Amino acid sequence: METTKSSRKRLWWLIPLILGTIYVLYRHNNPIKQEKDYKKITGQIFGTIYHITYQSEEDLKEEIETELKRYDNSLSPFNPNSIISRINRNEDVITDTLFQNVFRKSVRISEQTDGTFDATIAGLANAWGFGFKKGEWPDSLMIDSLRQLTDYRNITLADGKVVKKDPRIMLSYSAIAKGYAVDVIAQYLQRKGIENFMVEIGGEIVTRGVNPRSEEWHIGINKPSDDPMEAQQVQMIIRVSEAGLATSGNYRNFYYKDGKKYAHTIDPRTGYPVQHDLLSTTVIAEDCMTADALATAFMVMGKEKAEAFVNARPHLAACFIYSDEKGEYQLWLTENMQKLVVEKK
């Protein structure tokens, strides 16, 4: 008997209204008057919600959504006319700059993480019910077959076109594309000469400058709970500025089958959903695209290997929430992340 939760929806863009694993904490009491007022715009894109706060006299919502739609036409596998959808159908298509940027960054992250991040995982994600196509319950033979198609080294980019070693290979940038969308909007705001802003799309964030109180932006990291009510509670508050932040976790998108929980993070090397005590990973990096991809890779690696990876790279900051032997939440933070903590719950 299979029990399915609403989180089994296969839209990789879909983040709950509570903004996924993290949400932005705004302070409204006694705001400090700035030379220009801060504007706040909210909307829906990619099947999720975005929140943008920026200091400017201009209303930029229409222009921002134009940028987001341009992005959707390049990298959304749910848009049948997008570049990535056409590539997955093996159509002859020249990629655009957005696609090429994500492609190249994905390859670099795959190399750095020994393949724990891999954009060719689309076939496996679909088979397990977490992709952009409805899959059947996979048996070991299907998993073995799909694993043969899962290797980032089997795709290249030549003269703007994706070249596959096997035409059955399909791409999914679900673990990096939303972070890049945040970067794209942040870059747009900077081109407009805006210095103080926060861009959040479905929980992935970029901040620059200061918030309306002339402080660094304050970000809350949610408790990684399967209980929707508890998942709205904040585990920790950190201050972030001039950086990208992303969180990955297995407590939102999952389902139960035959009494066993299957979460959406799939190990490209084994073909199966990961099973370990690491519940969520939050990463701060120079850009949100990198933070997004690494947060997913760390969920695949598990706590010990993820700790070793981030400790060897002091330019990164990270927070891992894991379950101990008693099933209680525990925190592990890099030294530079500890310096950003405002409050722990």
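Here a biologist and a modeller talk through the fold of a predicted model.

Biologist: Happy to start broadly: how many helices and strands does the protein have?
Modeller: Let me set the scene with the 345 residues of the protein, of which 58% count as buried. Among contacts between residues at least 6 apart in sequence, 64% join residues at least 24 apart. As for the elements themselves, the protein has nine helices and 17 strands.

Biologist: Nice. Which strands are the edge strands of the open sheet of eight strands?
Modeller: The order of this sheet is β3-β4-β7-β8-β11-β14-β15-β16, with antiparallel pairing. Neighbouring strands are turned by 10° against each other on average, direction ignored. An edge strand pairs on one side only, and that description fits β3 (38-45) and β16.

Biologist: Which residue is the bridge partner of Ser323?
Modeller: Look at β15 and β16, which pair in the antiparallel sense over five bridges. The partner of Ser323 lies in β16, and it is Tyr329.

Biologist: Now to helix α8: why do its buried residues line one face?
Modeller: Good one! The buried residues of α8 (residues 303-311) are Lys303, Ala306, Glu307, Phe309 and Val310. An α-helix has 3.6 residues a turn, so residues three or four places apart point the same way. Turned away from the buried side of α8 are the exposed residues Glu304, Lys305 and Asn311. Seen down the axis of α8, the buried residues line one face because they fall within an arc of 165°.

Biologist: What angle does the direction of α8 make with that of β15?
Modeller: The buried residues of α8 pack against α3 (97-112), β14 (278-285), α7, β15 (317-323) and β16 (329-333). On the sheet, α8 touches β14, β15 and β16, and its direction makes with that of β15 an angle of about 170°.

Biologist: And at what angle to β3 does helix α1 run?
Modeller: Helix α1 (residues 61-75) lies across β3, β4 (48-55) and β7 (197-201). Relative to β3, α1 runs at about 35°.

Biologist: Which helix gives the largest share of the largest nonpolar core?
Modeller: That core has 75 residues, and Phe99 and Phe298 are among those that touch the most other members. Phe99, for example, touches residues including Ile83, Val162, Leu171 and Tyr173. The largest share, 10 residues, comes from residues 288-301, helix α7.

Biologist: Last one: how many residues are in the other core, which lies apart from it?
Modeller: Among its members are Tyr38, Ile205, Ile238 and Met337. The size of this other core is 18 residues.

Conventions. Residues are numbered from 1 along each chain as its sequence is written. This is a predicted model: local features need pLDDT of at least 70, side-chain atom pairs count only at pLDDT 80 or more; totals for chains, interfaces and linings use all residues. Side-chain values use heavy atoms; hydrogens and water are left out. A nonpolar core is a set of buried Ala, Val, Leu, Ile, Met, Phe, Trp, Tyr and Cys residues joined through side-chain atoms within 4.5 Å. Buried means under 20% relative accessible area, exposed over 50%, partly exposed in between (1.4 Å probe, protein chains only). Helices (H or I, at least four residues) and strands (E, at least two) are DSSP runs, numbered from the N terminus. Contact means heavy atoms within 4.5 Å. The arc is that of the directions from the helix axis to the C-beta atoms. Two strands pair if DSSP finds at least two bridges between them. Axes are lines fitted to C-alpha atoms, for helices over the stretch in contact, and angles run from 0 to 180 degrees between N-to-C directions.
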